Amino acid sequence: MLIIDRMVAMVRAGPGPSPEERAAAAAQYQAEEKARQVRQAEERQAFLTAAPRYVLPDGSAWRSAQMLGRLSNGGERDRGRLYHIVSEDGCGPMGGAGSALCGATPGRRSVGWGDVEGVPATCPRCLKRVAS
Ligand SMILES: [Zn+2]
């Protein structure tokens with residue numbers, strides 16, 4: 001009986017945080033996580049604002065991006081070193097495998113276009129298409 005009394009007292013007294021303390025800690029964590037996400041979104045927005053953006057006469061928006069991964073054919077002789085001009089929807093974290101402005105398309109063994117790059121496009125054929 002004495003042992004059980006002691007155990008009950010231990011459970012009641014702690015040492016762990018009370019439900020209120022736990023809720024406060026969870027709320028603080030969530031607030032910090034939210035602030036982190038907002039900060040990341042702001043940084044992403046600032047990066048995208050600063051990164052080169054090419055708008056064609058038809059209103060479509062394009063970005064500088066590199067092809068990722070190994071290339072499966074000799075058609076893309078730059079081997080991924082060139083910065084092509086890729087549809088804004090076709091690059092980024094969910095990058096696709098559409099054609100660049102010059103027609104370059106990720107091959108079978110490429111994983112597609114990389115994220116938007118902060119440097120201007122270097123592919124002469126892409127740049128020619130933008131200038132014309
Ligand atoms: Zn190109």
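# Notebook: a predicted chain, read from strand β2 outward

**Entry 1. Strand β2.** I began with β2, where 4 of the 5 residues are buried, and I noted the strand as mostly covered. I record here that the model is a predicted one.

**Entry 2. The whole chain.** I then looked up the overall make-up and found 3 helices and 5 strands in the protein chain. Read from the N terminus, the elements follow the order α-α-β-β-β-β-β-α. Of the 132 residues in the protein chain, 20% are buried. I also checked how contacts are spread along the sequence: among those between residues at least 6 apart, 59% join residues at least 24 apart.

**Entry 3. The sheet.** Which strands form the open sheet, and in what order? I found 3 strands, arranged β1-β2-β4, with antiparallel pairing. β1 (53-55) and β4 are the edge strands, each pairing on one side only. From one strand to the next, the twist averages 40°. As background, I noted that strands of a sheet pair through backbone hydrogen bonds, in either a parallel or an antiparallel manner.

**Entry 4. The pairings of β2.** I took the β1 side first and counted 3 bridges between β1 and β2. Tyr54 has Trp62 of β2 as its bridge partner, and Val55 is matched in β2 by Ala61. The hairpin of these two strands has 5 residues between them, and there Gly59 adopts a positive phi near 90°. On the other side, 4 bridges join β2 to β4, again in an antiparallel arrangement. In that pairing I found Arg63 opposite Val86 of β4.

**Entry 5. The nonpolar core.** Which residues have the most contacts inside the largest nonpolar core? They are Ile85, Val86, Ala100, Cys123 and Cys126, in a core of 18 residues. The elements that contribute two or more residues to this core are β2 (61-65) and β4. I followed Ile85 further, setting aside its neighbours within four places in sequence. Its contacts include Tyr54, Trp62 and Ser64; also among them are Ala100, Leu101, Ala121, Cys123, Cys126 and Val130.

**Entry 6. Helix α2.** I next compared the length of α2 with expectation. The helix covers residues 19-50, and its 32 residues should span 46 Å at 1.5 Å a residue; the end C-alpha atoms are 46 Å apart, so the two values agree. Is α2 covered or hardly covered? I found it hardly covered, since the count of buried residues among its 32 residues is 0. An unreviewed UniProt entry places the feature "coiled-coil region" at residues 24-51. In the model, that span is 96% helix and 0% strand, with its end C-alpha atoms 40 Å apart.

**Entry 7. The loop between β4 and β5.** I chose two residues here, Ala97 and Arg108. Ala97 lies in the loop between β4 and β5. I list Ala97 as partly exposed because 15 other C-beta atoms lie within 10 Å. Leaving aside neighbours within four places in sequence, I found Ala97 in contact with Thr105, Pro106 and Gly112. Met67 is 30 residues from Ala97 in sequence, and their C-alpha atoms are 9.0 Å apart.

Arg108 belongs to the loop between β4 (84-87) and β5 (110-113). Why does Arg108 count as exposed? Arg108 has 10 C-beta neighbours inside 10 Å, and a residue is exposed if that number is 12 or fewer. Finally, I looked up the separation of the two loop residues: Arg108 and Ala97 are 11 residues apart along the chain, and 9.6 Å separates their C-alpha atoms.

Methods: Residues numbered from 1 in each chain as written. Predicted model: local features only at pLDDT ≥ 70, side-chain atom pairs only at ≥ 80, totals over all residues. Expected span 1.5 Å × (residues − 1). Core = buried A, V, L, I, M, F, W, Y, C linked by C-beta atoms within 7 Å. Contact = placed C-beta atoms within 7 Å. UniProt positions renumbered as here; feature names shortened; annotations may be inferred. Pairing = 2+ DSSP bridges. Axes fitted to C-alpha atoms, helices over the stretch in contact; angles between N-to-C directions.
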